[in-house]
Amino acid sequence: MWLLGLPWALALLVTAASSGPSADPPDPASIFADLSPEELRALRAVRTFLMGRPELGLSPSQGGPLAKNSLFLVELLPPKKRWALRFLEHGGARPRREARAIVFFGAQAEPNVTELAVGPLPHPSSYRVLGFKGGRAVPFSARPMTRLEYELLFEALVAAVAPLEPLLREATGFGFQNCSERCLTFSDIAPRGVGPGERRTWLVIQRFVEGYFLHPAGLEVLLDHQDPDPRRWAVRQLWYNGRYFGSVRELAESHARGTLPLARLPEPPARQLFSSYEPRGRFASGTPTEVHGAKVCEPQGRRYRLRGNRLEYGGWSLAFRLRSSAGLQLFDVRFGGERVAYELSVQEAIAFYGGHSPAAMQTKYMDAGWAMGASSYELARGVDCPETATFLDAHHLLDADGPVRFRHALCVFELPMGVPLRRHFDNDFQGGFHFYAGLEGRALVLRTTSTVYNYDYIWDFLLYPNGVLEAKVHATGYIHATFYTPQGRRYGSRVHSHLLGNIHTHLVHYKVDLDVAGSGNSFETMDIRFENISNPWSAGARVVPGQGGTGTPAPGLTPPLACPRYHLAVTRRHENEPSSSSIYTQNDPWDPPVTFESFIRDNETIEDQDLVAWVTVGFLHVPHAEDIPNTATPGNAVGFFLRPFNFFNEDPSVASRAPVIVRPLDPPTCSRVEIQRWTPASPGPCVHPEPFTYNGTYRQV
């Protein structure tokens, strides 16, 4: 049995079954691997193949009109589970390798978005349409934003608000016209409307300085860009400093008449801007911060093995990939050679906001819709990951006319936990001890990040030597903030002079396809109750007085999407239910092509079946002044554990050769001791000679 470690006791029971003979082909994990640098030609081949199909009529992604047919995304399409298991366990044929391609069909009478399976890789020769459950089509209005649409949106905004240039210059000292170093920019809000088919976006105008997310100008603009022809786009409404205006002209005239309460912003300083990372002030203790602090080291070398996308550490073995759409996926997760899970993956990251301004009250971010997997920018050695980490590149073909290399997008490292995995001091109660024994606490970490505009998510999977796996996400980066008004205090905190940190809830959804001792799983919750019984050795005395307890979890939040309503939902596994969300949900949350509620409303039995646990974790964030310049990671991390529960005969970490045992040779004096260990007596020097470097580019290759 394995426990899914959530805020309540929960057990996943499995039926033991023979897994059959184990095949050992070369690099079996590669069936789950992303298209590697060596396979970049496959990405190009998919694009070339599709661009050459006359019936698709594809045009380049960049440039041209919106009303065109274009290729938006190419990523690996994982094989069907039954084919993968046939290959991994029974020596079957290697599954056909295919790509998932998303095509925007905008140049037709009824525009839509279509997903295609293209293969075989690396030399594609055919494609087929991938449908959603229930045969749902994806409307064109549900498509994710593209670089081209953002460019057109900015041009339309600048042209539309040109009459407001005097107002903006007077209030902020910045503008859109001939602005040089004192320009305005914007952040866009989603969903883009209040009903299906709409594409109307509230734009928050900001001063373009370092950390511009914290510099709203007090103006928010609702721009309608539903029509594929940008010439028909128009501003529908504006909000300035707490007041609504029906048109740009109305706001401009109010300013010209002198009847508009102007929100004048102070001049931003040239140095030590509050939204920057530049040091300012001193710690009261006076302890040094100008020197390097503690570092992670590997004095005898790495204790893990990385072969392609196969990662091995102690008893652990797994395959991993970083998909462009939604991020990290683990496959074929094994401990001691036995499969624990077929898949563990990030599905969605959601943030629901409250506020007084229209942009704040409209914000319901669903980050899969922003391709959070492709927002995996360079990890800094020594900051984002230890200097000793192994760094891996990622390649994405998303909204581009060729693959783009994201340098150092993932890292792998062994982490000292700062607390022993287990330890005991066996007291002799005479001033000495019988023995001391301890095992250092370490875990292997697989990490990537998603920087979805203002927010940075740090995604971790941690492997512990005792068979425990932890999934964890830290939230950091800039808060989503709006212009301060007195009415806004009901929805957050005033974190700076003209800045309101809006209250919001973070929710993260995971898929956990456990396959312990086979795929025939059952589900059971454990409810602990107090019981009143008589003391058997003292008649009439009560052992445990009081009322009965309950293991029922606290009710969760119920936002419009179904998946976050449940801390945990368990369903039968189906190939046509690969994900609980999609990249289209952000721009069409009212009628999305993937509806998680349908996964759990089909009344299927979940006894002795191939089951998936869908896990939601999250926290409420009430921003405060200490979120300036960025939200800090301590206290802003959530996750869950997978723990063995009567699966092993003992703690499997006893196989580690890292414990230390100390026994006195002359008890009870304990002046001489025997130290027993299976590693070198001293770890040796702990230094890393290479200076800090950082590249930060991600370019088409």
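Modeller: Before we start on this predicted model, one term: two strands pair if DSSP finds at least two bridges between them.

Biologist: Good, thanks. How many bridges link strand 22 and strand 34, then?

Modeller: Four bridges, in the antiparallel sense, between residues 433-439 of strand 22 and residues 659-664 of strand 34. At one of those positions, Leu439 has Pro659 in strand 34 as its bridge partner.

Biologist: And what sheet do strands 22 and 34 sit in?

Modeller: An open sheet of four strands, ordered 21-22-34-35, with antiparallel pairing. Strand 21 (422-427) and strand 35 (673-677) are the edges; each has a single partner strand, so one side of each has no neighbour in the sheet. From one strand to the next, the twist averages 10 degrees.

Biologist: Switching topic to Ser324. Where is it?

Modeller: Ser324 is in the loop that runs between strand 15 (316-323) and strand 16 (327-335).

Biologist: Is Ser324 buried or exposed?

Modeller: Buried: the relative accessible area of Ser324 is 3%, and the cut-off for buried is under 20%.

Biologist: Which residues does Ser324 touch?

Modeller: Leaving out residues up to four places away in sequence, Ser324 touches Leu73, Glu75, Ala371, Met372, Gly373, Ala374 and His396.

Biologist: Now the whole chain: how many helices and strands are there?

Modeller: Seven helices and 36 strands. The chain has 701 residues, and 52% of them count as buried.

Biologist: What about the exposed area of the chain?

Modeller: About 32300 Å², with carbon and sulfur atoms supplying 53% of it.

Conventions
Residues numbered from 1 in each chain as written. Predicted model: local features only at pLDDT ≥ 70, side-chain atom pairs only at ≥ 80, totals over all residues. Heavy atoms only, no water. Helix = DSSP H or I, 4+ residues; strand = E, 2+ residues; numbered from the N terminus. Axes fitted to C-alpha atoms, helices over the stretch in contact; angles between N-to-C directions. Buried < 20%, exposed > 50% of the residue type's maximum accessible area, 1.4 Å probe, protein only. Contact = heavy atoms within 4.5 Å. Areas by Shrake-Rupley, 256 points an atom, 1.4 Å probe, with all protein chains shown as cover.
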